[in-house]
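Student: I've got a model open and I'd like to talk through how its pieces fit together. Can we go at it question by question?

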Amino acid sequence: MRQSGIRLMRIPRSAAGEPRQRAARRRLWRWGGARARLWIALVAPVGLLCALTGCDAAASASHQAGKRYRAVCTVGMITDIVRQVAGERAEVQGIIGEGVDPHLYKPTRNDVAALQGADIVFYNGLMLEGKMTDVLVKVARRGKPVYAVTEEIDPSFLLEPKQMQGHYDPHVWMDVSAWGKAVEAVAAALSEFDPPGAAQYAERARRYKGELDGLHAYLKRVIASIPERQRALITAHDAFNYFGRAYGIQVMGIQGISTESEASLKDINDLVDFIVANDVQAVFAETSVASKNVRALIEGAQARGRTVRIGGSLYSDAMGAPGTYEGTYIGMLDANATTIARALGGEAPELGMNGKLRPR
Ligand code: ZN
């Protein structure tokens, strides 16, 4: 994490758009103008006050008294890595649960209360939690540390698909090496927030990143085992671009990067053309996106004499059920890669990298 004097100044960049997110910036500007000036007038002194009087010191003091601090996160993939890094020092709560689409998620009254009651907040950024921006900004404005875990990822790594019109693709957790960077960002943020725990956070992050290295290698291996001409991944929405780049598989989503945009008949027909031309055997549903478009694709292919099946349901923007292996970040990616490889003619153990997947 960047060491800026006033942490609250982080939020405008993350919540409202990275430097190259032109559309997002325009939105900030609309949101901004007089209000932005008001914000600077309001937020800067609060940040300064915190720096002088030590909002962190208060949190650290309560921590030293044996009380766990409370970290609140948006999507499950972040909740899990914060839990991994924070260990026993924090009580970690996630807001967006199993099977829920973060692009469309509107925070409830309880979520707002949880965010207000948090000591530290983590979110993805890159406009993933598009409908939570206002509430995250409000929470930050009240002097709370609010971190986007993607903030320190080098822009040269980020994808900017043309249909995103100047936005970055937010689905960075699909490349395990990138999510390793998010783990580092979490460790840095927690160390800044709770300095007595810094050595623990560094050690826990190091160990967890070791596990991620194993996962990354497994994903590479099983995707590479798919026969080359079958290496095409068609999913309900465009969540797998980073996955495709990292693990060497062509990806296509029926809906765009955000599920806010609807798939057109032309999108469906283009994909049916691709399926027919490339003899694609399987397409994939997603647990957090309705499967009507995937069914339309299958019917479209059928009308042209091709049988294509659903290769399984992938975890795109949400993890599996809490308390299960698929309800962890590692389990989620293991399940995805194993399902994809097996459905497209590759080789992967039925129960995945760790033998822990539920039989499907
Ligand atoms: Zn998505």
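Student: How many bridges join E1 to E3?
Tutor: Keep in mind that this is a predicted model. E1 and E3 run parallel, and one pair to look at is Cys-73, which stands opposite Phe-122 in E3. The number of bridges joining E1 to E3 is three.

Student: And in E2, which residue is the bridge partner of Ala-71?
Tutor: E1 and E2 also run parallel, joined by five bridges. In E2, the partner of Ala-71 is Val-92.

Student: Which strands stand at the edges of the sheet?
Tutor: The sheet is open, with four strands in the order E2-E1-E3-E4 and parallel pairing. A strand at the edge has a single partner, so one side of it is left without a neighbour in the sheet. The strands placed like that are E2 and E4 (146-148).

Student: What does the twist average from one strand to the next?
Tutor: Take the strands in their order, E2-E1-E3-E4. From one strand to the next, the twist averages 20 degrees.

Student: Which residues make up the uncovered face of E2?
Tutor: Sort the strand by face. Ala-90, Val-92 and Gly-94 belong to the covered one. That leaves the uncovered face to Glu-91 and Gln-93.

Student: Over to helix H5 (residues 76-86): how many of its residues are buried?
Tutor: The buried set includes Asp-80 and Arg-83. Buried residues of H5 pack against strands E1, E2 and E3 and against helices H8, H9 and H13. H5 is largely enclosed by the rest of the structure, because its buried residues number eleven of the eleven.

Student: Are H5 and H8 parallel or oblique?
Tutor: Their axes come within 10 Å and cross at roughly 55 degrees. Anything under 35 degrees would count as roughly parallel, and roughly perpendicular starts at 65. That's why H5 is, relative to H8, oblique.

Student: Is the crossing of H5 and H8 left-handed or right-handed?
Tutor: The angle alone, roughly 55 degrees, doesn't settle that one. As H5 passes H8, the crossing is right-handed.

Student: By class, what residues does the contact of H5 with H8 have?
Tutor: H5 brings Ile-81, Val-82, Val-85 and Ala-86. H8 brings Ala-182, Val-183, Val-186, Ala-187 and Leu-190. With no polar and no charged residues, the contact has nine that are nonpolar.

Student: Last one: which residue follows H5, and what is its phi near?
Tutor: The residue after H5 is Gly-87. Its phi is positive, near 60 degrees.

Note on methods. Residues are numbered from 1 along each chain as its sequence is written. This is a predicted model: local features need pLDDT of at least 70, side-chain atom pairs count only at pLDDT 80 or more; totals for chains, interfaces and linings use all residues. A residue is buried if 20 or more other C-beta atoms lie within 10 Å of its own, exposed if 12 or fewer, and partly exposed in between; C-beta atoms are placed from the backbone. Helices (H or I, at least four residues) and strands (E, at least two) are DSSP runs, numbered from the N terminus. Two residues are in contact if their C-beta atoms, placed from the backbone, lie within 7 Å. Axes are lines fitted to C-alpha atoms, for helices over the stretch in contact, and angles run from 0 to 180 degrees between N-to-C directions. Angles under 35 degrees count as roughly parallel, over 145 as roughly antiparallel, 65 to 115 as roughly perpendicular and the rest as oblique. A crossing is left-handed if the near helix is turned anticlockwise from the far one by less than a right angle, and right-handed if clockwise. Ala, Val, Leu, Ile, Met, Phe, Trp, Tyr, Cys and Pro count as nonpolar, Asp, Glu, Lys and Arg as charged, and the others, Gly among them, as polar. Two strands pair if DSSP finds at least two bridges between them.
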